[in-house]
Amino acid sequence: MPDANDDASPQPSQTRVRAASNPSPQTRRSKGDAPIAQSISDSQLAETALCASADSENRQNEDAPKQPTDDGHLVNDRAQQPGTNDDCDRLDALLETCLEAYLDATPDDSPDFLRQFLPESNVETKRFLLNELIKLDMASRAETDGRPPRIESLLEHFPDVMPLDRVPLDLVMEEIQLRRDVGETPQAEDYQGRFPQHHEIIGEMLGGQLSSKPEATMAVLHKKKPPEFEIGQRIDDFVILQTLGSGAFAHVYLARQDSMSRLVALKVSQGTGDEPQALAQFDHPNIVRVYDQRLLDDPPSHLLYMQFHPGGTLADVVAIVKHTGRFNRRGEIILQAVDRALLRTAQAVPEQSTLRIKLSGLSWPMAVAWIGIHLSRALQNAHDRGVMHRDVKPANVLLSAEGIPKLADFNVSFAGSAGRAGAASSFGGSIGYMAPEHLRAISATAVTVPEEVGPQADLYSLAILLWELWQGRRPFECRGTPESWIDAVEQQLHARRHINSPNDPENDVVSRLLAQILRDALQYEPKDRIGSGAEFEARLKLALNPEAARIFDPDPNSPLAWLGRRSPWLITSAIILIPNALAGVYGYFYNFKDTLGNLFQEVEGLRSTFETLSFCINSVAFPLAAFLVVFYTKQVSRGLDRVRRGDQATEADIDATFQLGQRAAVIGGFLWCLAAVLYPLILRLMFPEISRREFSHFFLSHVICGGVAAIYPFFGITTYAVSLLYPKLVRKTLRDPGFDDRLTKTVARCEAHLYLACLVPLLGVTLLVVSQADARDVMLVSLIATGLGLIAAFKAYKYVLRKLQTMSLVMSNRDDATSLV
């Protein structure tokens with residue numbers, strides 16, 4: 001959950017560095033991660049309203065809890081997790097202790113007084129802590145004296161801890177931002193001369209592409225302890241009801257806003273910044289909403305109020321998972337955590353909630369996938385607005401009373417950064433959940449230009465969160481005790497190259513799918529990972545709906561998969577050709593026995609004329625049909641080629657796929673019906689001996705052939721398109737904005753062709769009654785064939801309907817939470 005400390009951290013530039021995600025309980029006063037220097041997330045931290053999960057997170061970190069294993073024995077929880085990050089987290093706890101001690105101390109004119117806040121530790125750890133203390137001290141002196149001191153004037157007292165050639169980039173950026181805050185214009189030449197180790201990036205910040213990106217740094221105007229309010233105290237429009245979180249630079253309260261008669265999460269600090277404006281742009285069901293902000297003169301404070309979600313955080317759920325045997329884990333674990341949080345804040349448990357009932361019945365892998373779907377949507381929404389989160393972890397995900405996750409604690413100071421905005425846009429977050437590129441960025445040194453930390457880093461963090469939620473542990477192990485911040489980062493980087501196997505036996509399709517999805521999102525290189533929140537959401541929907549997963553990812557050894565590897569040209573041609581060939585055989589034999597056989601003997605020249613006419617019509621019809629089939633199939637083939645190259649199928653590709661069956665039906669049906677008119681009409685004009693009876697029989701037989709040539713290719717190709725072609729086209733992203741409309745139209749077309757399939761046997765019965773005796777055996781065989789064809793058409797219709805309904809669980813554009821379960 002967000003950290004109250006984060007709000008007013010000592011980095012005006014907002015280049016926050018968090019040492020770890022779970023500070024030790026001995027020194028931590030609030031839930032959330034360490035206060036490490038600044039934090040934009042504070043606003044969301046409050047926003048998160050952390051819903052009263054402060055004590056729950058402390059309980060989560062209790063020493064050596066006993067955990068029941070699957071066989072019923074109690075074991076030490078930490079013994080089960082050799083890769084816990086407790087050692088790394090101590091840095092976070094040390095940092096919070098140092099910063100709070102500084103804020104509580106009486107200011108001293110001599111910078112040497114900072115030494116009293118440094119613990120007895122190795123030089124690297126001291127350097128890291130001193131770096132953050134200097135940031136806070138510079139901000140304090142800038143406010144008191146009107147301008148910040150030079151870094152050198154502070155470091156001359158600590159040559160043993162941080163020589164000038166070891167000054168980190170974020171400390172330089174802090175001084176630059178503070179000087180900007182007081183109206184000065186820092187010059188690149190000055191800083192490049194003072195800190196030559198950062199020559200290149202300073203040039204970019206002060207004279208290059210980063211100088212015009214104010215969003216890369218965001219100053220917090222005041223770095224002081226916030227005022228503390230008592231329970232029942234009235235502050236402006238708010239009455240304080242309960243303390244939700246407390247840290248060095250901010251307090252979060254549950255409050256009642258009298259003017260609106262609603263409960264809010266109220267964050268109180270002395271920092272402002274532009275975080276509220278950045279967060280206010282969000283209006284998403286899975287992102288905590290910020291209502292507004294207020295500035296008070298007495299006492300001087302900044303109030304940020306936002307949605308209050310009383311269900312705790314996912315950190316509470318993880319704590320329960322760690323103490324629950326894997327065979328006993330189900331969706332109701334989420335509701336257990338929520339209900340405990342509701343009890344702590346005296347909120348009522350929702351009664352007769354459809355969502356809660358469905359959620360409690362989910363298997364645990366399905367429940368994890370459900371959580372992931374909501375969070376993927378939230379991240380996609382943020383990324384679409386150019387905002388990276390950079391601190392996705394269980395404590396920053398709030399839960400509503402119904403268990404719906406709400407993402408909070410955004411590092412919004414980096415909102416709007418396009419491309420690589422330098423180190424400032426890379427810092428922030430908790431190292432236990434950081435992507436490799438994020439870890440490399442925060443540890444960038446003199447000769448290392450920080451790399452881009454983009455949306456895929458958020459998705460990587462989400463994958464760690466979901467793995468920990470699923471397994472009760474993170475997907476990698478950090479062994480050993482780090483001697484410094486640098487060691488901790490290096491250990492984390494090394495650990496990310498070796499992803500553990502899940503504890504679950506993966507003997508069910510959902511566990512296998514979830515494991516594969518998370519492994520894909522945890523690839524070390526960003527280019528190898530899931531590419532977007534939308535793709536992550538779609539993949540997780542498959543885990544939530546294993547039946548749909550079998551459509552989009554069939555068993556490679558199944559007949560369906562074998563058919564999918566064949567050329568679409570070949571399959572489409574075969575589906576069209578076979579019914580047309582059968583129709584041609586029927587037409588020839590029926591008409592020969594019913595009319596043409598006798599007429600060829602009675603009318604001179606009729607045979608040669610009929611053969612010439614057949615040659616002419618077929619010479620036009622067959623090439624035209626082949627051309628049209630190739631033309632309409634070409635767009636589908638292009639779409640499949642695009643997907644094979646790693647690109648996304650276009651709207652035109654998908655449209656062509658769904659319309660392929662209809663177009664095949666029109667081609668076959670139209671040409672046969674055209675022949676049904678041309679053959680008897682031309683022959684009757686040339687040979688008046690042909691009677692109306694023979695004319696009508698010839699016409700009806702060709703209409704039946706046209707029905708066969710239209711109906712059965714339609715169902716065959718539609719089945720092929722729905723079960724194989726369409727899943728291939730959308731498999732990468734599983735997103736199709738027009739899916740619901742396509743489903744409706746496809747079902748309507750299938751029903752229309754099913755009605756036509758019923759008419760074909762009826763026409764056959766009519767011809768059977770009026771046919772010559774010699775032709776009745778042919779007509780009887782065809783009648784049986786069309787009857788079987790009707791059954792096959794009905795089966796195909798049911799198959800297509802079932803496939804579409806199954807796919808709708810994944811592809812439908814309904815966003816309501818209940819529809820997912």
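How much space lies in the largest pocket? About 840 Å³ of space lies there. The legends below start with the whole chain and return to this pocket in a later view. The model is predicted.

**Figure 1. The whole chain in the predicted model.** The chain holds 26 helices and 10 strands. Of its 821 residues, 60% are buried. Contacts between residues at least 6 apart in sequence were also sorted by separation: 75% of them join residues at least 24 apart.

**Figure 2. The largest nonpolar core, with Trp364 in close-up.** This core has 131 residues, and the members that touch the most others are Val317, Trp364 and Phe536. Helix H24, residues 692–730, gives the most to the core, with 18 residues. Another core lies apart from this one and has 33 residues, including Tyr102, Phe158, Phe195 and Ile202. Leaving out residues up to four places away in sequence, Trp364 touches Val317, Val321, Arg329, Arg330, Gly331, Ile333, Ile334, Leu469 and Trp470.

**Figure 3. The largest pocket and its lining.** The pocket holds about 840 Å³ of space. It is lined by 35 residues, and the closest to its centre are Asn580, Gly584, Asn618, Phe622 and Trp672. Four elements give two or more residues to the lining: H21, helix H22 (606–644), H23 and H24. Sorted by class, the lining has 24 nonpolar, 9 polar and 2 charged residues.

**Figure 4. The largest cavity.** Rolling a probe the size of a water molecule over the atoms shows where empty space is left. A search of the whole structure finds 5 cavities of 30 Å³ or more. The largest cavity has a volume of about 70 Å³. Its lining consists of Thr595, Leu596, Leu599, Pro680, Leu683, Ile690, Glu694, Phe695 and Phe698. At least two lining residues come from each of helix H21 (568–602), helix H23 (651–686) and H24. By class, 7 of the lining residues are nonpolar, 1 is polar and 1 is charged.

**Figure 5. Helix H17 and what covers it.** Helix H17 runs over residues 509–521. At 1.5 Å a residue, its 13 residues should span 18 Å, and the end C-alpha atoms are 18 Å apart, so the two values agree. The buried residues of H17 are Val510, Ser511, Leu513, Leu514, Ala515, Ile517, Leu518, Asp520 and Ala521. An α-helix has 3.6 residues a turn, so residues three or four places apart point the same way. The cover over the buried residues of H17 includes helix H13 (364–384), helix H15 (455–471), helix H18 (533–544) and helix H19 (546–552).

**Figure 6. A cis peptide bond at Pro299.** The peptide bond that joins Asp298 and Pro299 is cis, with omega about -5°. Pro299 sits in the loop between strand E7 (290–297) and strand E8 (300–307).

**Figure 7. Asp236 and Arg390, each with a positive phi.** Asp236 is not a glycine, yet its phi is positive, about 55°. The residue is found in the loop between strand E3 (234–235) and strand E4 (238–246). With a relative accessible area of 41%, Asp236 is partly exposed. Arg390 is not a glycine either, and its phi is about 70°. Its place is the loop between H13 and strand E9 (397–399). Is Arg390 buried or exposed? Arg390 counts as buried because its relative accessibility is 6%, where the cut-off for buried is under 20%.

**Figure 8. Arg742 and His753 in helix H25.** Helix H25 covers residues 739–770 and contains Arg742; His753 also has its place in H25. Arg742 is buried, at a relative accessible area of 7%. Not counting residues up to four places away in sequence, Arg742 touches Glu651, Ile654, Asp655, Phe658 and Asp736. His753 is buried as well, with a relative accessible area of 8%. Beyond four places away in sequence, His753 touches Gln662, Ala665, Ala710, Ile711, Phe714 and Phe715. His753 and Ile711 are 42 residues apart in sequence, while their C-alpha atoms are 6.0 Å apart in space.

Definitions and conventions
Residues are numbered from 1 along each chain as its sequence is written. This is a predicted model: local features need pLDDT of at least 70, side-chain atom pairs count only at pLDDT 80 or more; totals for chains, interfaces and linings use all residues. Side-chain values use heavy atoms; hydrogens and water are left out. A nonpolar core is a set of buried Ala, Val, Leu, Ile, Met, Phe, Trp, Tyr and Cys residues joined through side-chain atoms within 4.5 Å. Buried means under 20% relative accessible area, exposed over 50%, partly exposed in between (1.4 Å probe, protein chains only). Contact means heavy atoms within 4.5 Å. On a 1 Å grid over the protein atoms alone, a cavity is a set of points where a 1.4 Å probe fits but cannot get out, and a pocket is an open set with protein on both sides within 12 Å along at least five of seven lines; lining residues have an atom within 4 Å of a point. Grid points are joined across faces, edges and corners, and a volume is the space filled by probe spheres set on the points. Ala, Val, Leu, Ile, Met, Phe, Trp, Tyr, Cys and Pro count as nonpolar, Asp, Glu, Lys and Arg as charged, and the others, Gly among them, as polar. The expected span of a helix is 1.5 Å times one less than its number of residues.
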